[in-house]
Amino acid sequence: MVYVIVVVILVTSVVFYLSHKSKTTQKEQGQRIRDAWGNPKKEHFNFYLISKYATAVGRDAFHRLSGQTLADMDFNELFSFIDRTNSKVGQQYLYDKVLHPANDPNALRQLSDSADFFTNDSMVRTEIQRELFFLNTTRANRI
């Protein structure tokens with residue numbers, strides 16, 4: 001009987017410990033997300049993997065920047081500076097958007113409105129960034 005009580009106490013203690021650790025980890029993750037908002041990334045950019053989505057989509061676009069234009073403007077360096085995404089999938093999508101500029105004013109307005117929404121609503125932005133955090137692995141580039 002004493003063993004059963006000891007096991008129940010140990011299991012309960014482990015559950016409480018893991019629950020507390022999970023809450024602490026979520027708070028720390030939220031703080032890291034808020035601290036990183038709008039700041040340049042300090043990570044290595046694998047442009048081979050980043051460009052895979054833009055290559056795979058292969059869609060007809062209004063315009064695609066030529067290789068010479070990309071070299072002239074040091075595109076990889078520029079992209080490294082403007083990239084503030086939180087996931088590898090988002091990074092690939094941004095790369096494609098910059099590589100294929102849009103000509104549709106409505107699409108540009110919608111993109112601007114979305115950017116304004118996330119800039120102004122930090123609660124929603126942080127929650128979405130938490131979910132996107134799981135797509136920030138190198139394997140996510142292959143989605």
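Let me begin at one interface: F75, F79 and I82 in helix 5 meet Q91, L94, Y95, V98 and L99 in helix 6. To meet, here and below, is to be in contact, with heavy atoms within 4.5 Å. By class, the residues of this contact are seven nonpolar, one polar and no charged. In that scheme Ala, Val, Leu, Ile, Met, Phe, Trp, Tyr, Cys and Pro count as nonpolar, Asp, Glu, Lys and Arg as charged, and the others, Gly among them, as polar.

This is a predicted model, in which local features need pLDDT of at least 70 and side-chain atom pairs count only at pLDDT 80 or more, while totals for chains, interfaces and linings use all residues. Residues are numbered from 1 along each chain as its sequence is written, and side-chain values use heavy atoms, with hydrogens and water left out.

Now the overall content. The protein chain has eight helices and zero strands, and its elements, taken from the N terminus, run α-α-α-α-α-α-α-α. Helices (H or I, at least four residues) and strands (E, at least two) are DSSP runs, numbered from the N terminus. Of the 143 residues in the protein chain, 22% are buried. Buried stands for under 20% relative accessible area, exposed for over 50%, and partly exposed for what lies in between, with a 1.4 Å probe and protein chains only. Among contacts in the protein chain with a separation of 6 or more, 79% are between residues 24 or more positions apart.

I return to the first pair. Helix 5 covers residues 75–82 and helix 6 residues 88–99; they pack at an angle of about 125 degrees, with their axes 11 Å apart. That angle makes helix 5 oblique to helix 6. Angles under 35 degrees count as roughly parallel, over 145 as roughly antiparallel, 65 to 115 as roughly perpendicular, and the rest as oblique. The axes are lines fitted to C-alpha atoms, for helices over the stretch in contact, and angles run from 0 to 180 degrees between N-to-C directions. The crossing of helix 5 and helix 6 is right-handed, that is, the near helix is turned clockwise from the far one by less than a right angle, anticlockwise being left-handed.

What does T85, in the loop between helix 5 and helix 6, touch? Setting aside residues up to four places away in sequence, T85 touches K41, G90, Q91 and L94. The side chains of T85 and D83 are joined by a polar contact of 2.6 Å. A polar contact is a pair of N or O atoms within 3.5 Å; within protein, one must be able to donate a hydrogen and the other to accept it, and residues adjacent in sequence count only if both atoms are side-chain atoms.

Residue Q91 also has E43 as a partner. E43 lies in the loop between helix 1 (2–36) and helix 2 (47–50), and is partly exposed, with a relative accessible area of 34%. Neighbours within four places in sequence aside, E43 is in contact with K88 and Q91. With K88, E43 makes a polar contact from side chain to side chain at 3.3 Å. The C-alpha atoms of E43 and S80 are separated by 9.1 Å, with their positions 37 residues apart along the chain.

Within helix 6 we find Q92. Is Q92 buried or exposed? Q92 is buried, with a relative accessible area of 5%. Its side chain reaches the backbone oxygen of L49 at 2.8 Å. Beyond four places in sequence, Q92 touches L49, I50, K52, Y53, A140 and N141.

Two loop residues deserve a mention. S66 is in the loop between helix 3 (52–57) and helix 4, and is partly exposed at 35% relative accessible area. The side chains of S66 and T69 share a polar contact of 2.9 Å. S66 and L99 are 33 residues apart in sequence and 8.9 Å apart in space, C-alpha to C-alpha. D74 is in the loop between helix 4 (67–72) and helix 5. D74 has a positive phi of about 50 degrees, although it is not a glycine, and counts as partly exposed at 43% relative accessibility.

Finally, helix 7 (residues 105–120) and helix 8 (residues 122–132) pack at an angle of about 100 degrees, with their axes 5 Å apart. Helix 7 and helix 8 are therefore roughly perpendicular to each other. F117, F118, T119 and N120 of helix 7 make the contact with S122, V124, R125 and I128 of helix 8. By class, this contact has four nonpolar, three polar and one charged residues.
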